[in-house]
Structure formats: C-alpha cells, structure tokens
Amino acid sequence: TITSLGSNLLKLYLYSCSSITDDLITIITTYCYNLLQLNIGYNNITNDSITNLKNCHKLTHIDLTCLHVNDDTILSITNDCPSIKEMALFGNDISDVGLKYILEKEYCLTALDIRSCHMITRQLVSTMILKYPWITIYNNQ
C-alpha cells in the first residue's frame with residue numbers, strides 16, 4: 001500500500017486520471033516524502049491539496065498542468081519545495097505575483113512552462129528571459 005511503500009517511491013505520474021481526489025493527493029504527499037518527480041496535471045483536484053506538498057521537499061520536477069493553480073499555491077510550493085528544476089504550470093491561474101514567487105525562490109529552476117497562463121504579462125516574461133537566461137521558458141506570449 002502507499003502508506004507502507006510510499007517512502008520508496010521516487011516518480012509518480014497521475015496525469016489525467018479521473019479517480020484522483022484531494023484526499024488521495026494528501027495521502028501521497030504525506031507518505032511519499034522521497035518523491036523527486038510528481039505529475040498530477042489534468043486532474044480534478046483543488047489548490048488545498050496541492051499546498052500540502054510540504055513533505056515532498058525533495059521534488060525536482062512537478063507538473064501541475066490545468067489545475068487552476070493560483071498565486072497562493074505557488075507561494076506554498078516555492079516555500080516547501082526548494083529543489084524544483086522543472087515546473088509545468090500550463091493553463092493555470094497564476095499572475096505576475098506567482099511568477100515572481102517562483103523566480104525569487106527557485107534558484108535551481110531550469111525549465112518553466114507558463115503557456116496559457118493568461119494573467120502573466122509579456123513585460124514580466126521579457127524581463128525574466130533577460131534576467132534568467134539559464135531557464136528554458138515555454139510561453140505563448
């Protein structure tokens with residue numbers, strides 16, 4: 001079971017699984033504390049369960065595609081998961097505020113997908129490209 005074997009799990013891909021719930025994400029983030037990669041994009045989960053990643057501080061890759069992630073959730077993730085190298089935020093509800101949280105905290109970041117994040121301004125993306133040339137930025141602006 002996930003409660004007994006979760007600490008051995010390093011990668012978990014639950015992309016577009018209709019049976020994923022907030023309760024399951026809470027269990028995963030509680031018992032799978034050695035996760036390096038987590039893909040939970042295109043699921044019907046809320047920001048409340050996503051902010052519960054505090055036990056997954058070893059995460060290096062996270063995919064939150066189309067989960068309606070907001071700026072407060074991004075702040076929580078950047079505080080709790082300092083080793084993230086790749087972050088997929090395609091189609092989420094983050095603004096310049098959330099993007100600034102990422103840039104202030106994620107010193108390891110090498111790739112960031114912010115396509116279809118319509119509240120992020122072109123001006124900030126342009127500044128980010130110049131200021132952080134080591135980060136590969138996927139955007140459609």
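Analyst: Helices (at least four residues) and strands (at least two) are DSSP runs, numbered from the N terminus. In this predicted model, Cys66 is placed in the loop between E3 and H4.

User: What makes the phi of Cys66 notable?

Analyst: The phi angle of Cys66 is near 55°, which is a positive value in a residue other than glycine. The loop between E3 and H4 also holds His68, whose phi is near 60°, again positive in a residue that is not glycine.

User: Why is Cys66 called partly exposed, and why is His68 called exposed?

Analyst: The class of partly exposed runs between the limits of 20% and 50% relative accessible area. Cys66 has 24% and therefore counts as partly exposed. His68 has 51%, so it counts as exposed, the limit for that class being over 50%.

User: How do you know that Asn70 caps the N-terminal end of H4?

Analyst: A side-chain oxygen of Asn70 lies 3.1 Å from the backbone nitrogen of Asp72. A polar contact requires N or O atoms within 3.5 Å, so the pair of Asn70 and Asp72 meets the distance limit.

User: Which residues of helix H4 are buried, and what covers them?

Analyst: Helix H4 spans residues 71-80, and its buried residues are Asp71, Thr73, Ile74, Ser76, Ile77 and Thr78. Their cover includes helix H3 (47-50), strand E4 (86-88) and helix H5 (96-105).

User: Why is Thr78 called buried?

Analyst: The relative accessibility of Thr78 is 2%. Buried means under 20%, so Thr78 belongs to that class. Its side chain also has a polar atom 2.9 Å from the backbone oxygen of Leu75. Since the limit for a polar contact is 3.5 Å, that distance falls within it.

User: How many aromatic pairs does the structure hold?

Analyst: There are two aromatic pairs. One of them joins Tyr15 and Tyr42, with ring centres 5.3 Å apart and 80° between the planes.

User: Why is the pair of Tyr15 and Tyr42 called edge-to-face?

Analyst: Rings pair if their centres lie within 6.5 Å, and planes over 60 degrees apart count as edge-to-face. The values of 5.3 Å and 80° satisfy both conditions, and the pair is therefore edge-to-face.

User: What makes this pair a link between distant parts of the chain?

Analyst: Tyr15 lies in the loop between strand E1 (11-13) and helix H2 (22-31), whereas Tyr42 lies in the loop between E2 and H3, 27 residues apart. Tyr15 has a relative accessible area of 39% and is partly exposed; Tyr42, at 39%, is partly exposed as well. Setting aside neighbours within four places in sequence, Tyr15 is in contact with Asn39, Gly41, Tyr42, Asn43, Asp63 and Thr65.

User: How do you know that the pair of Tyr132 and Trp134 is edge-to-face?

Analyst: The ring centres of Tyr132 and Trp134 are 5.5 Å apart and their planes stand at 80°, so the pair is edge-to-face. Tyr132 has 16% relative accessibility, and because buried means under 20%, Tyr132 counts as buried. Trp134, with a relative accessible area of 48%, is partly exposed.

User: What is the volume of the largest pocket, and which residues lie nearest its centre?

Analyst: The volume of the largest pocket is about 170 Å³. Its lining is made of 14 residues, and those nearest the centre are His61, Ile62, Asp63, Glu86 and Ala88. Strands E2 (37-39), E3 (61-63), E4 and E5 (111-113) are the elements that give two or more residues to this lining. By class, the lining has eight nonpolar, three polar and three charged residues.

User: Why is Ile62 called buried?

Analyst: Its relative accessible area is 3%, and the limit for buried is under 20%, so Ile62 is buried. This residue is found in strand E3. Not counting residues up to four places away in sequence, Ile62 touches Leu38, Leu53, Ile84, Glu86, Met87 and Ala88.

User: How far apart in space are Ile62 and Thr127?

Analyst: From C-alpha to C-alpha, Ile62 and Thr127 are 24 Å apart, with their places 65 residues apart in sequence. For Tyr15 and Asn92, 77 residues apart along the chain, the C-alpha atoms are separated by 15 Å.

Definitions and conventions. Residues are numbered from 1 along each chain as its sequence is written. This is a predicted model: local features need pLDDT of at least 70, side-chain atom pairs count only at pLDDT 80 or more; totals for chains, interfaces and linings use all residues. Side-chain values use heavy atoms; hydrogens and water are left out. Buried means under 20% relative accessible area, exposed over 50%, partly exposed in between (1.4 Å probe, protein chains only). Contact means heavy atoms within 4.5 Å. A polar contact is a pair of N or O atoms within 3.5 Å; within protein, one must be able to donate a hydrogen and the other to accept it, and residues adjacent in sequence count only if both atoms are side-chain atoms. On a 1 Å grid over the protein atoms alone, a cavity is a set of points where a 1.4 Å probe fits but cannot get out, and a pocket is an open set with protein on both sides within 12 Å along at least five of seven lines; lining residues have an atom within 4 Å of a point. Grid points are joined across faces, edges and corners, and a volume is the space filled by probe spheres set on the points. Ala, Val, Leu, Ile, Met, Phe, Trp, Tyr, Cys and Pro count as nonpolar, Asp, Glu, Lys and Arg as charged, and the others, Gly among them, as polar. Rings of Phe, Tyr and Trp (its six-membered ring) pair if their centres lie within 6.5 Å; planes under 30 degrees apart count as stacked, over 60 as edge-to-face and the rest as tilted.
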